[in-house]
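Here's a quick tour for anyone meeting this structure for the first time. Have a look at the model, then read on for its pockets, its surface and its overall layout.

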Amino acid sequence: MPDAPMLIADDRGLDFLNSLATPHGEPVDWLADGEGLVHWLREAELVPADALDEIVDRVKPVELDRVAGKARELRDWFRGFVESHMGRPLTEKSLKALAPLNDLLARDETYGQVVRNEDGDGETGLAFVTRRRWRSTDSLLFPIAEAMARTVTHEDFAHVKACEGHDCILLFADHTRARARRWCSMSVCGNRAKVAAHRRRKKAE
């Protein structure tokens, strides 16, 4: 498995879907087991490193494998939702289909705290932050659910696209000014398309 997951979607909820990819023509699943899930969450910066380390030290690998299975099920469900709604703005009619996400969010244990303002840009030097209790391995799913919720509420689904690369299954949010993004990455699928087009021109000549 490649060391670094493909965080190229400009949206963490879509990056979660891209934790299953075909970077070299063969499927690669960064959530294949608990170790992979922890690695993906660390690279995506969805869970604080100290919280991940504490959970890994506290629980058995089989428990992490179990929650990785839940994460894969969540990913499959969300991919179905995104692919059936992409290309047009979401409306309130989508709420019923989002019930599984709201059910998961309702289990989250978050709380707020007033802390010292690390940036020092507040007049009082204080800031309000949201914390999360990491009581079980299932709590690893909550920041993923939060990222997915931000996707459906902040992204214009009219500009959620699938990469045009051959056999590529990656999705992304097109934030370019002209909404002209076609590839998951110019260094991967974009360059492959250019090479293929060049070969076709040479052959035609």
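Let's start with open space: in this predicted model, the largest pocket holds about 180 Å³. The second largest pocket comes in at about 160 Å³. Behind both sits a chain of 205 residues, with seven helices and six strands.

**The largest pocket**

- Nine names are worth finding here, if you like to click along: Leu46, Pro48, Thr110, Tyr111, Thr130, Arg131, Arg132, Trp134 and Glu146 make up the lining of the largest pocket.
- Two elements give two or more residues each to that lining, namely strand E3 (110-116) and strand E4 (126-132).
- Strand E4 is the top contributor to the largest pocket, with three residues.
- As for chemistry, the lining of the largest pocket is a mix of four nonpolar, two polar and three charged residues.

**The second largest pocket**

- Around the second largest pocket you'll find Lys70, Glu73, Leu74, Trp77, Pro100, Leu104, Arg107 and Leu141.
- Here it's helices that turn up: helix H4 (61-85) and helix H5 (99-105) each bring at least two residues to the lining of the second largest pocket.
- Helix H4 has the largest share of that lining, at four residues.
- Polar residues are missing from the lining of the second largest pocket, which splits into five nonpolar and three charged residues.

**A nonpolar patch on the surface**

- Now for the outside: Val114, Leu126 and Phe128 together make a nonpolar surface patch of about 350 Å².
- Val114 belongs to strand E3, one of the strands that also help line the largest pocket.
- Is Val114 buried or exposed? Val114 counts as exposed because its relative accessibility is 60%, and the cut-off for exposed is over 50%.

**The chain as a whole**

- Read from the N terminus, the elements go α-β-β-α-α-α-α-β-β-α-β-β-α.
- How much of the chain counts as buried? The share is 41% of the 205 residues.

**To take away**

- If you want two strands to remember, pick E3 and E4, which each give two or more residues to the lining of the largest pocket.
- For the second largest pocket, the helix to remember is H4, with its four lining residues.

Notes: Residues numbered from 1 in each chain as written. Predicted model: local features only at pLDDT ≥ 70, side-chain atom pairs only at ≥ 80, totals over all residues. Heavy atoms only, no water. 1 Å grid on protein atoms, 1.4 Å probe; cavity = no way out; pocket = protein on both sides within 12 Å on 5 of 7 lines; lining within 4 Å. Points joined across faces, edges and corners; volume = space filled by probe spheres on them. Nonpolar A, V, L, I, M, F, W, Y, C, P; charged D, E, K, R; others polar. Patch = residues over 30% accessible without salt bridge, like charges linked within 9 Å, V, L, I, M, F, W, Y side chains within 5 Å. Areas by Shrake-Rupley, 256 points an atom, 1.4 Å probe, with all protein chains shown as cover. Salt bridge = Lys/Arg side-chain N within 4 Å of Asp/Glu carboxyl O. Buried < 20%, exposed > 50% of the residue type's maximum accessible area, 1.4 Å probe, protein only.
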